[in-house]
Amino acid sequence: MSEIKKSNRNSSRSSAQSKHVSGSIRERVLYAAFTLFRERGFSSTSMLEIVTRARVSKRDLYALFNNKHAVLAAGISERAERMRRPLDTTTPAPQTRHALATLLVEFGVAILKTVCHPEVLTVFRLAIAESDRAPEIARALDGSGHEANQKALTELIRKAQARGLVVAGDPAPMAGRYLAVLWGDLMIRLLMRVREAPTEREIDARARAAAETLMAFP
């Protein structure tokens, strides 16, 4: 009986180690691929270059990803999760208008600081560049980032309305108005490289303006 238990423990340990090794290879591949995509562009990067940069075998690479678009989709999906800054939908809404306004400012600052990071902008540029050939990549990016944040904000507004902290109305357009004021034309200008990343002062000002717009809606 003890031998059976020992065998099961060894088998479980071996399985865990195998998963760790597989995860390590995946991380190396995605890091190497994304670095190459950023340096050389997606179309100019080959699977062989990814293998070489990641220091893995072709067999390891193709066991994880069928093609280069699959590598890009996985890399974008992981980074989209990192840049997601949803409010905690399980947390009750703030008790006062001042607390709600403070939370809205913090939310806006977190979004802007994350999405204006150079690596995140690279994610958007790659998704846009490949949107014709692989539209699912752009959809994954939008769903994990912008859409998730808007849904979380909409839910917060609904809770705030129930407490009488903001005016009644459809919370979805209110969330959209907040995000429109927060962003303006900032994102498109950053993606086109026609302006510098916003300073902390500008980020704070944008977040406060967005919060004030929502609190005064309509």
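## Contacts and burial in a predicted model

Trainee: Is Phe37 buried or exposed, and what is its relative accessible area?

Mentor: This is a predicted model, where local features need pLDDT of at least 70 and side-chain atom pairs count only at pLDDT 80 or more, while totals for chains, interfaces and linings use all residues. Residues are numbered from 1 along each chain as its sequence is written, and side-chain values use heavy atoms, leaving out hydrogens and water. Buried means under 20% relative accessible area, exposed over 50%, and partly exposed in between, with a 1.4 Å probe and protein chains only. Phe37 is therefore buried, as its relative accessible area is 3%.

Trainee: Which residue forms an aromatic pair with Phe37?

Mentor: The structure holds two aromatic pairs (ring centres of Phe, Tyr or the six-membered ring of Trp within 6.5 Å; stacked under 30 degrees between planes, edge-to-face over 60, tilted for the rest). In one of them the centres are 5.1 Å apart and the planes meet at 55°, a tilted arrangement. The partner of Phe37 is Phe42.

Trainee: Nice! What lies over the face of Phe42?

Mentor: Phe42 itself counts as buried because its relative accessibility is 7%. A charge sits over a ring if NZ of Lys or CZ of Arg is within 6 Å of the ring centre and within 35 degrees of the ring normal. At 4.5 Å from the ring centre of Phe42, the residue over its face is Lys68.

Trainee: What is the distance between the end C-alpha atoms of helix 6?

Mentor: Helices are DSSP runs (H or I, at least four residues), numbered from the N terminus, and strands are E runs of at least two. The expected span is 1.5 Å times one less than the number of residues, so the twelve residues of helix 6 (residues 118-129) should span 16 Å. The model agrees, with its end C-alpha atoms separated by 16 Å.

Trainee: Which residue forms a salt bridge with Arg133?

Mentor: Side chains of opposite charge can pair when their charged atoms come close. The structure holds eight salt bridges (a side-chain nitrogen of Lys or Arg within 4 Å of a carboxyl oxygen of Asp or Glu). Arg133 is exposed at 58% relative accessible area, whereas its partner counts as buried at 3%. With the closest N and O atoms 3.0 Å apart, that partner is Glu130.

Trainee: And what is the N to O distance between Glu155 and Arg158?

Mentor: These two are three residues apart in helix 7 (residues 135-162), so about one helical turn separates them. Glu155 is partly exposed at 26%, and Arg158 is partly exposed at 41%. Their side chains meet in a salt bridge with an N to O distance of 2.9 Å.

Trainee: Which residues do salt bridges with shared partners join into one network?

Mentor: Arg206 and Glu202 meet in a salt bridge at 3.0 Å, N to O. They are four residues apart in helix 10, so about one helical turn separates them. Arg206 is buried at 16%, while Glu202 is partly exposed at 23%. The network is made up of Arg195, Glu202 and Arg206.

Trainee: Where is Val194 found?

Mentor: Val194 counts as partly exposed because its relative accessibility is 46%. With Ile188 and Met192, Val194 forms a nonpolar surface patch of about 290 Å² accessible area. Its place is the loop between helix 9 (186-191) and helix 10 (200-215).

Terms used:
Patches are made of residues with over 30% relative accessible area and no salt bridge: like charges are joined within 9 Å, nonpolar side chains (Val, Leu, Ile, Met, Phe, Trp, Tyr) within 5 Å. Accessible areas come from the Shrake-Rupley method with a 1.4 Å probe; for residues, only the protein chains shown count as cover.
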